[in-house]
Amino acid sequence: MRIYWRLSNLYFWFFALLGGLLPYWSLYLEGQGYTYLQIATLMATIQFTKIIAPSVWGYLGDRTGQRVRLVRFGAIFGSLFFAGVFMEPGYYGLLMVMLAFTFFWNAILPLYEVITLRALGTHKEKYGKVRLWGSVGFIGAVGLVGAVLEFVPIQSLPFLLLPVFIGIGVSAFLVPSERGERKPAEATDSLRAILAHPGVLAFFLMNFLLQVSHGAYYTFFSIHLEQHGYGKLSIGLLWSLGVIAEIVLFLVMHRLFRRFSVRQIVIGALLLTLVRWVLIAEVTDVVPVLIFAQCLHAASYGALHAVSVGFIQNAFGKDHHGQGQALYSGLTFGAGGALGAWLSGFLVEGGSTSLAFWGSAAVISVAVLVTWRGLRLPPSSPEPG
């Protein structure tokens, strides 16, 4: 039980920061007078550094076995670089601050996923119950920050995030220690063979497209809602609703693994994601429909992430688990998320926020086709769960 709470603690604070940042940072940037394309570029940095950072930190974690120390290093230096926001450095200065901050911040989660799964040992089915505390942290931060922003100006947002950074720093030093095992040098030869497998390639392409489609959501969903008359607390509650649905999904995910194959779960989740983007694009003013669309976050993030974490562990094995997790984070959340955020900026600048969500729906349609034709586990790998 003690290990459960020590593992859950960092998830809580890490995603609390995400909850305070993602729904409101674009509104903060809009309040600072930046254009939609500038907002998209600044928001894209959150994902852009995932292209390089997780691979660097994942490699160091695999080679040294000192993942806990690296998590602590990332937490401390990420917080220090974020402090540059308070200097109000202007667009290009803020761009540099965001790049430096996210390079260290994005080191934490891929390393911590490996730490968590190894700490759970033969009880990996409990991963969902540990990870759901990240969702709880996200919901708490979204609701609390949204409520406070009803009474204080959006320019106060960086100050509201300071307690969360402190929480991340403290919880990083509560992480259970690892044995510090180093990866044997001879194990590196098999990584290329894993990556060359058609099913693994399809897995990465599907996740890349999935995150491209999320670019409009993470960058412009709050602005889209504000344009349709929603207040900041309502915006926060809608973000929270999606994560509540994600929590429920994590609690029952093991049952879905028993009843359906990975391929069936992925295709079903992608189709629901397609429905979600269309509803957000066209039916934003109808509150019950928008609530339903947010509940579909359980499919577009929850189910697909749970499947992907298991897929990586099974396909890459013990020797390459860290690098596999880093590639998953870098190529999908990183490259896909950054490209999606940036492209959505052009669509909003030249059209509307609704057009950006229609672009997301088009991308997901391609992801469904990729999954249908190519997704399967390598022959030696069991199904996740």
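**Figure 1. Buried residues and length of helix α2 in a predicted model.** The buried residues of α2 are Ile39, Ala40, Leu42, Met43, Ala44, Thr45, Ile46 and Gln47, where buried means under 20% relative accessible area, exposed means over 50%, and partly exposed lies in between (1.4 Å probe, protein chains only). Helices (H or I, at least four residues) and strands (E, at least two) are DSSP runs, numbered from the N terminus. Helix α2 has 13 residues and reaches 18 Å from its first C-alpha to its last, close to the 18 Å expected at 1.5 Å a residue, the expected span of a helix being 1.5 Å times one less than its number of residues. This is a predicted model, in which local features need pLDDT of at least 70 and side-chain atom pairs count only at pLDDT 80 or more, whereas totals for chains, interfaces and linings use all residues. Residues are numbered from 1 along each chain as its sequence is written, and side-chain values use heavy atoms, with hydrogens and water left out.

**Figure 2. The crossing of helices α2 and α11.** The axes of α2 (residues 36–48) and α11 (residues 215–227) come within 9 Å and cross at roughly 140°, which makes α2 oblique to α11. Axes are lines fitted to C-alpha atoms, for helices over the stretch in contact, and angles run from 0 to 180 degrees between N-to-C directions; angles under 35 degrees count as roughly parallel, over 145 as roughly antiparallel, 65 to 115 as roughly perpendicular and the rest as oblique. On the α2 side Tyr36, Ile39, Ala40 and Met43 meet Tyr218, Thr219, Phe220, Ile223 and Gln227 of α11, a contact being heavy atoms within 4.5 Å. By class, this contact of α2 with α11 has seven nonpolar, two polar and no charged residues (Ala, Val, Leu, Ile, Met, Phe, Trp, Tyr, Cys and Pro count as nonpolar, Asp, Glu, Lys and Arg as charged, and the others, Gly among them, as polar).

**Figure 3. Helix α10 and its packing against α11.** Helix α10 (residues 198–213) has 16 residues that should span 22 Å at 1.5 Å a residue, and its end C-alpha atoms are 23 Å apart, which agrees. Because 12 of these 16 residues are buried, α10 is largely enclosed by the rest of the structure; among the buried residues are Phe203, Phe204, Met206 and Asn207. Helices α10 and α11 pack at an angle of about 15°, with their axes 4 Å apart, and they are therefore roughly parallel to each other. Gln211, Val212 and Ser213 of α10 make the contact with Gly215, Ala216 and Tyr218 of α11, and the residues of this contact divide into three nonpolar, three polar and no charged.

**Figure 4. Ser308 and Gln323 in helix α15.** Ser308 lies in α15 (residues 297–350) and is buried, with a relative accessible area of 1%. Leaving aside its neighbours within four places in sequence, Ser308 is in contact with Phe203, Asn207 and Tyr328; Phe203 and Asn207 are among the buried residues of α10. Gln323, which is also found in α15, is buried with a relative accessible area of 16%, and its C-alpha atom is separated by 26 Å from that of Trp5, 318 residues apart along the chain.

**Figure 5. The setting of these views in the whole protein.** The secondary structure of the protein comes to 16 helices and zero strands. Buried residues make up 57% of its 385 residues, and among contacts between residues at least 6 apart in sequence, 86% join residues at least 24 apart. The C-alpha trace spans about 55 × 45 × 40 Å along its principal axes.
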